[in-house]
Amino acid sequence: LEGYHRTTAGCFNISSELTIATFPDETTIAATAVAHKNGRTLQSFSTNAQGLMYDNCPGCPYKHYKMFYDYYGDFDYADKWVTAALDGTAADFTRNGDADFSSVAEVARVEAAQKGTAYMSVWMYVIREFEDAIDDCTLACIDCNYAAAHAWDEGVAFYTGSLEGSSGNSKSGDYGLMPYALAEKRCIDMRTCGADGDSVSGGSRVNHELSLLFLGGQQRLQRGECSAVRPIVDRIVQLMTVPLVQGSLRYAYKLGYQGSTLPKEKGEGAVFAASVLPLVANCDAKFGRDDAGIIYNNMRIGAPLTSWSAVKAAFERNYECMGITCAEVGGIWDAASNSYFAAGAPCVDPKLYEPIAGYIPGSQVTDHNALDLDQEDFEHELNEEDGANFVAAKEIYELGGNSKSYAEFTVPPLAAPLAKGLRVTGATASGSEVTGYVYEDTAQSAVVLRVQYATSDSQANYVGCRVGGLEGYHRT
């Protein structure tokens with residue numbers, strides 16, 4: 001360090017003797033020279049990555065780091081990127097993602113370097129600490145997991161940084177420099193702030209969710225619930241990916257739709273894309289696409305043109321695979337007009353189901369959710385004003401009535417087997433159509449056919465037939 005944070009007030013002085021607390025007697029040494037160094041650097045997060053994340057750890061190779069190695073073909077990909085930006089040379093990767101900084105403006109190199117350290121090198125090392133915490137975790141041993149909990153704490157510290165203070169200074173606009181601060185900035189740009197992720201104030205929703213996951217992971221590690229930490233880490237990585245995608249889209253819009261030619265914005269777009277391309281490429285390999293190639297060719301250092309629509313579509317095709325949503329990423333927000341910029345609105349997530357006490361299910365469970373109506377009917381019969389109706393309550397207890405309703409038909413021997421899930425239509429007593437599905441694989445010659453009633457996404461009218469053991473109340 002030269003100035004700024006440099007301080008020597010607390011350093012060893014070469015003129016003083018060193019006293020070492022050996023046993024049984026102390027040892028005194030008169031040193032002849034001293035150099036003050038650091039065992040942790042921004043560069044070392046990348047140059048030490050192969051041993052720490054690929055070769056020499058119990059969980060090696062860590063799956064997210066492997067995605068980046070598979071894409072770039074270099075274990076120290078982040079160092080190659082940052083060093084080339086600092087030196088004004090070419091980052092020639094073994095497989096993909098080359099970046100030639102030899103002929104770009106200084107400001108583009110500055111952006112590539114300073115964002116490359118934070119969002120390529122540090123970002124991955126945060127994940128390394130969480131993975132290391134799992135490696136260090138000892139199953140069902142409360143007193144054995146200091147190392148695991150400490151590694152977890154380190155991950156949170158690297159993600160956040162000291163500039164955030166004790167309460168997250170970025171939330172009030174006094175931004176730090178680590179991924180935490182990026183999430184706070186991008187939520188304003190993309191209208192994903194607040195507890196519900198639909199505002200430009202209230203702090204990053206990504207950071208809201210991460211704070212809960214950080215606490216949950218810490219508690220499980222301390223209790224030795226090792227396997228329970230894996231899904232937490234996976235979700236953390238998904239959320240940490242959101243600001244990188246937001247940054248990529250923000251600058252793709254500036255370059256591709258608004259026509260910016262500013263070297264600074266070109267540099268920013270390139271480094272944001274470089275920080276997330278391996279995750280897109282991993283999805284490409286699953287689906288036989290080349291969306292990473294589309295994004296790279298439109299946003300790389302030296303790209304002649306950027307197509308906003310192509311980049312946006314390429315990212316959106318991979319949201320589900322990356323474990324993120326349109327709502328989490330948001331759109332390009334225009335604060336002046338209080339609306340999204342032209343062509344900048346977010347995509348629309350697949351159909352959202354009705355919340356269950358604030359929880360948003362990812363599939364239709366209205367029929368399952370209605371099991372509590374059996375409990376309500378059951379208790380109703382047991383608490384009648386004229387005394388408990390145990391017979392009716394037992395009918396509900398044994399036969400149900402509100403969940404997984406089906407019709408059981410007696411039919412002539414089936415001429416052919418029927419597979420579970422085949423659509424069945426018929427008519428109600430009033431003549432309107434009713435739909436259901438074969439309840440189970442049914443053999444040829446069977447004389448009993450069960451048809452489960454189709455259910456809707458609306459809890460208020462999720463199914464049109466509820467009988468079972470019901471007598472009145474919810475019976476329909």
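1. The protein chain of this predicted model contains 17 helices and 10 strands. Its radius of gyration is 30 Å, well over the 23 Å that the globule rule gives for 476 residues, so the chain is more spread out than a compact globule.

2. The overall extent can be given as a box: along the principal axes, the C-alpha atoms of the protein chain fill roughly 100 × 70 × 50 Å.

3. On burial and surface: of the 476 residues in the protein chain, 42% are buried. The accessible surface of the chain comes to about 25,100 Å². Carbon and sulfur atoms account for 52% of that surface.

4. On contact range: taking contacts in the protein chain between residues at least 6 apart in sequence, 57% join residues that are at least 24 apart.

5. One open sheet is made of four strands, in the order β7-β10-β9-β8, with antiparallel pairing. The edges are held by β7 (406-410) and β8 (423-427). Each of these has a single partner strand, so one side of each is left without a neighbour in the sheet. Neighbouring strands of the sheet are turned by 40 degrees against each other on average, with direction ignored.

6. The pairing at the β8 edge can be described further. Strand β9 covers residues 433-438 and runs antiparallel to β8, with five bridges joining the two. Within this pairing, Thr425 stands opposite Thr435 in β9.

Technical notes:
Residues are numbered from 1 along each chain as its sequence is written. This is a predicted model: local features need pLDDT of at least 70, side-chain atom pairs count only at pLDDT 80 or more; totals for chains, interfaces and linings use all residues. Side-chain values use heavy atoms; hydrogens and water are left out. Two strands pair if DSSP finds at least two bridges between them. Axes are lines fitted to C-alpha atoms, for helices over the stretch in contact, and angles run from 0 to 180 degrees between N-to-C directions. The radius of gyration is taken over C-alpha atoms; the globule rule is 2.2 Å times the number of residues to the power 0.38. Buried means under 20% relative accessible area, exposed over 50%, partly exposed in between (1.4 Å probe, protein chains only). Contact means heavy atoms within 4.5 Å. Accessible areas come from the Shrake-Rupley method with a 1.4 Å probe; for residues, only the protein chains shown count as cover.
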